[in-house]
Amino acid sequence: MLAFERVSKVFEKPQRIKALEDVSLTLRRGITIGLVGESGCGKSTLARIGVGLLTPSSGRVLLEGRDIQKMQPRERFLFHRRVQIVFQNPLRALNPLLPIRESLLEGVRLHRLLDDKGEKRWIRELLEWTELDPEILPRFPHELSGGQIQRVVIARVLSLQPDFLIADEPTSALDPSLQSSILRLLENWQKKRGMGLLLITHDFAVVRAMAQEVAVMEKGRIVEYGPTEKIFAEPEHPYTEKLLRDSLLPFGLMVK
Amino acid sequence: MRKNGLMITGLVLLVVIGGASLLAPFLSPFDPLEVRLNNRFAPPFQRPHLLGTDALGRDVLSRLLYGGRLSLLLAVLSTLITLSVGMLLGMLAGYFGGWVDGVVSFVVNTFLGIPDVVFTLALLGVLRPGFGTLLLALNAGSWVGLARVARGEVLFLRESGFVEGARAMGAGAWYCLLKHILPNLFPTMGVLGSLRFGGFVLELAALSYLGIGVQPPFPDWAVMLNDARPYLFTHPHLFIFPALIITVVILGANCLGEGLRDALDVRFQRGIGES
Amino acid sequence: MSLLTVDALSVSFRMPSGTVKAVREVSFAVGENEVVGILGESGCGKSVLLTALVRLLPSNALVSGKVFLRGEELLTLSERKMERLRGKKVGFVPQNPGTSLNPLLRIGSQITEAISTSLRRSHKRAQAMVSLQQFGFGEPWVIFRAYPHMLSGGMQQRVLVVAGIINQPRLVMVDEPTKGLDPSLRARVVEVFQEVARLPNTALLCVSHDYLVLQRLAHRVMVMYAGELVEIGSTKEVFHTPLHPYTVSLLWALPERGMRPIPGTSPSLSNLPSGCSFHPRCFQARSSCSVDHPSLQRISPGRWVRCPYARF
């Protein structure tokens with residue numbers, strides 16, 4: 001399991017901002033946890049800390065009980081294979097100078113997981129899984145649509161077969177039909193590989209469709225945590241209620 | 001690849017003139033240094049001296065062909081040195097931040113406070129004239145501007161999804177720098193480098209014209225300009241031809257730089273966009 | 001007479017890669033106080049449609065058809081007269097806040113600049129502040145003096161909305177007002193637009209891929225796919241009893257309704273499928289669907305579908 005143990009993060013520049021305060025969360029394999037909150041509440045900071053891109057000001061991140069900050073280089077390298085992240089379709093999600101094929105294989109090559117033949121086979125499988133047309137392989141990122149890019153980004157990350165995936169608003173900028181296909185992709189992959197998924201989103205409908213447990217974050221603190229159905233049926237914290245109300249979802253209109 | 005007229009024009013001009021300079025020993029009809037006092041001031045567009053002769057009877061065409069060798073070589077070397085140093089320091093400062101950035105930024109800001117011209121002239125005044133001196137004088141301060149631009153680009157690239165993604169996969173600093181950041185710097189640096197090249201040619205020409213750059217009797221274009229000064233109105237062709245060549249070289253460099261910038265703009269743009 | 005009547009509007013772009021048919025023979029009308037929503041995803045031509053109505057298309061656009069605003073034909077109007085309409089009678093809130101705000105001017109001046117009436121500067125400032133507050137800016141004076149780059153994307157979007165409606169135009173056209181906003185901000189924006197819609201003599205034409213927004217705002221909804229309108233009806237009709245397979249699939253794709261992805265991808269507007277544009281992805285496509293291009297059929301007053309096999 002991947003655990004956040006009382007993680008806090010304070011940024012000094014350009015101003016002193018307390019991004020996270022005493023956040024504890026445990027991600028287990030095969031389970032999806034939804035993390036909801038408004039923009040700027042610290043979700044992305046937590047995501048980055050979870051994959052080791054940022055160090056917490058206090059608290060620890062533990063993989064199977066081992067503090068990632070205290071890991072030896074080799075162990076840490078392995079950590080990066082087992083825990084991965086998908087960002088919210090940033091502008092330059094892929095190196096504009098590399099053809100898609102190279103971007104897809106980057107992780108696998110970095111960790112030296114496959115030989116040439118293995119690579120070819122793996123690419124074919126990966127494309128099938130993510131419903132991408134092989135004809136995009138020699139193309140460059142600027143030739144692809146936003147939806148295709150996000151799929152490539154996910155394929156790239158999944159190629160390492162991580163045990164834990166942190167998805168930071170992976171579909172917020174996408175249309176509904178694209179959103180559903182990408183979320184289904186993540187869900188199927190999770191079922192197939194028993195991956196633990198931390199799904200960061202501000203969309204409650206997505207949370208209800210995908211997550212078994214929900215954590216609600218307000219201004220860097222987790223204010224409520226529990227099984228999805230309970231949170232929806234009986235939210236306890238006023239902030240949770242506010243978020244539910246704002247989500248504009250018509251009550252009673254939910255089909256699993 | 002879109003047809004990019006500007007870039008092609010620039011390339012063609014530079015390649016032609018560069019090639020001609022390189023092949024001067026084979027193309028030159030006469031010895032550029034050979035003095036023929038019985039044939040001074042021959043007018044241009046007549047055989048055998050197609051561009052005439054100068055005050056000492058030396059063939060102008062031959063001198064033009066040889067004239068660029070030193071300045072172009074110096075300009076090319078300077079561009080390479082400036083780019084290398086600028087990019088390296090910019091990358092280190094931008095990627096690692098911290099004290100590395102502090103040191104580099106301090107040096108950059110110090111140099112930026114010293115006027116270019118003053119610095120160059122001071123160096124040239126103190127050291128003996130020569131190839132090495134010129135190289136040093138041209139480059140001592142010029143890497144600074146490039147380093148600053150490179151640093152800015154690196155700061156931006158460092159936050160890109162693909163760099164963060166690589167880091168999240170466990171990639172180390174050097175991997176990210178060499179595989180992702182450096183190649184993405186080339187486009188901007190290429191543009192700046194082309195423009196800088198033109199700048200170096202101009203700077204060198206100015207120094208040579210003033211007598212503190214390339215020294216006569218080497219048939220450098222700017223030296224020719226200087227030699228032609230007394231005869232500006234009597235034999236204008238002696239001034240016009242070298243001036244023209246220098247202008248064309250700088251024009252070519254600028255066209256190449258602008259053309260590259262246009263070409264790269266298109267490449268990084270998206271299509272029509274969401275509709 | 002309707003406020004806005006669009007008659008067989010088509011927009012194409014001639015590109016080096018081919019002709020892009022962004023809008024194909026679109027016809028509809030918007031009444032005086034109506035809120036009409038256009039539901040569609042990226043690449044369906046909805047933004048181009050709006051941009052065509054305010055005549056802000058790039059020069060390589062080929063436009064045909066007619067557009068009437070209160071009987072006045074818009075497409076043939078002189079540019080000067082069109083300018084007088086824009087911002088005053090017709091408000092437009094575009095999609096891309098990053099490129100629509102001048103990075104060198106403070107927000108405040110960009111909003112007051114949009115105010116068309118000749119009020120004193122202090123009055124205009126007050127008006128701008130009130131509007132900013134209405135749209136969820138807790139400290140409007142801070143925003144007023146800020147530059148666009150200091151604001152997040154969502155905030156920039158809201159500023160654009162303020163600028164677009166500040167003159168209380170008769171017809172407000174909005175392009176994806178809630179794109180990228182989290183639910184709380186989205187709810188805020190929806191509330192304000194509800195208020196705008198309640199103003200007398202104000203009609204709203206709202207384009208969005210977010211059905212929740214349209215459900216709250218619109219009286220009528222038109223579904224757009226590959227440059228055409230494929231379904232038209234009242235909001236309730238379209239969302240509770242969708243008829244066109246695309247509408248049905250789109251609703252099924254929602255996480256709260258099963259999250260079933262639509263197979264395939266949106267067609268390229270320069271390379272449209274033969275026959276019905278949706279047939280390659282349609283769950284009930286028949287052999288004739290790849291041959292015959294269906295026309296919009298009237299099922300009942302105000303209810304139209306572009307599919308001969310739509311269930312009803």
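## Two crossing helices in chain B

In this predicted model, helices H3 and H9 of chain B make a right-handed crossing. H3(B) covers residues 60-96 and H9(B) covers residues 173-210. Their axes come within 7 Å, and the crossing angle is roughly 145°.

What kinds of residues make up the contact of H3(B) with H9(B)? Mostly nonpolar ones: 17 are nonpolar, five are polar and just one is charged.

## Chain C as a whole

Now over to chain C, which has 312 residues. Its secondary structure comes to 11 helices and 12 strands. If you draw a box along the principal axes, the C-alpha atoms of chain C fill roughly 65 × 45 × 40 Å.

A compact globule with 312 residues would have a radius of gyration near 20 Å, and chain C has 20 Å, so the two agree. Buried residues account for 47% of the chain. Looking at contacts in chain C between residues at least 6 apart in sequence, 64% of them link residues at least 24 apart.

## A four-stranded sheet in chain C

Chain C has an open sheet of four strands, and its pairing is antiparallel. Reading across, the order is S2-S1-S4-S5. Why do S2 and S5 of chain C each have one side without a neighbour in the sheet? Strand S2 (18-30) and strand S5 (72-73) stand at the edges, and each has a single partner strand, so nothing in the sheet pairs with the other side.

Further in, strand S1 (residues 4-15) and strand S4 (residues 61-69) of chain C are antiparallel partners, joined over eight bridges. To find a spot on that pairing, look for C:Ser12, whose bridge partner in S4(C) is C:Leu62. Helix H1 (residues 46-53) of chain C packs on this sheet and touches S1, S2 and S4. The direction of H1(C) makes about 65° with that of S2(C).

## Where chains A and C touch

Chains A and C meet in a contact that takes 24 residues from chain A and 22 residues from chain C. On the chain A side, three helices each supply at least two residues: H6 (176-193), H7 (204-210) and H9 (238-246). Which of them gives the most? That's H6(A), with six residues.

As for the character of the chain A side, its residues divide into 12 nonpolar, seven polar and five charged.

Key. Residues are numbered from 1 along each chain as its sequence is written. Chains are lettered from A and ligands numbered from 1 in the order in which they are written. This is a predicted model: local features need pLDDT of at least 70, side-chain atom pairs count only at pLDDT 80 or more; totals for chains, interfaces and linings use all residues. Two residues are in contact if their C-beta atoms, placed from the backbone, lie within 7 Å. Ala, Val, Leu, Ile, Met, Phe, Trp, Tyr, Cys and Pro count as nonpolar, Asp, Glu, Lys and Arg as charged, and the others, Gly among them, as polar. Axes are lines fitted to C-alpha atoms, for helices over the stretch in contact, and angles run from 0 to 180 degrees between N-to-C directions. A crossing is left-handed if the near helix is turned anticlockwise from the far one by less than a right angle, and right-handed if clockwise. Two strands pair if DSSP finds at least two bridges between them. The radius of gyration is taken over C-alpha atoms; the globule rule is 2.2 Å times the number of residues to the power 0.38. A residue is buried if 20 or more other C-beta atoms lie within 10 Å of its own, exposed if 12 or fewer, and partly exposed in between; C-beta atoms are placed from the backbone.
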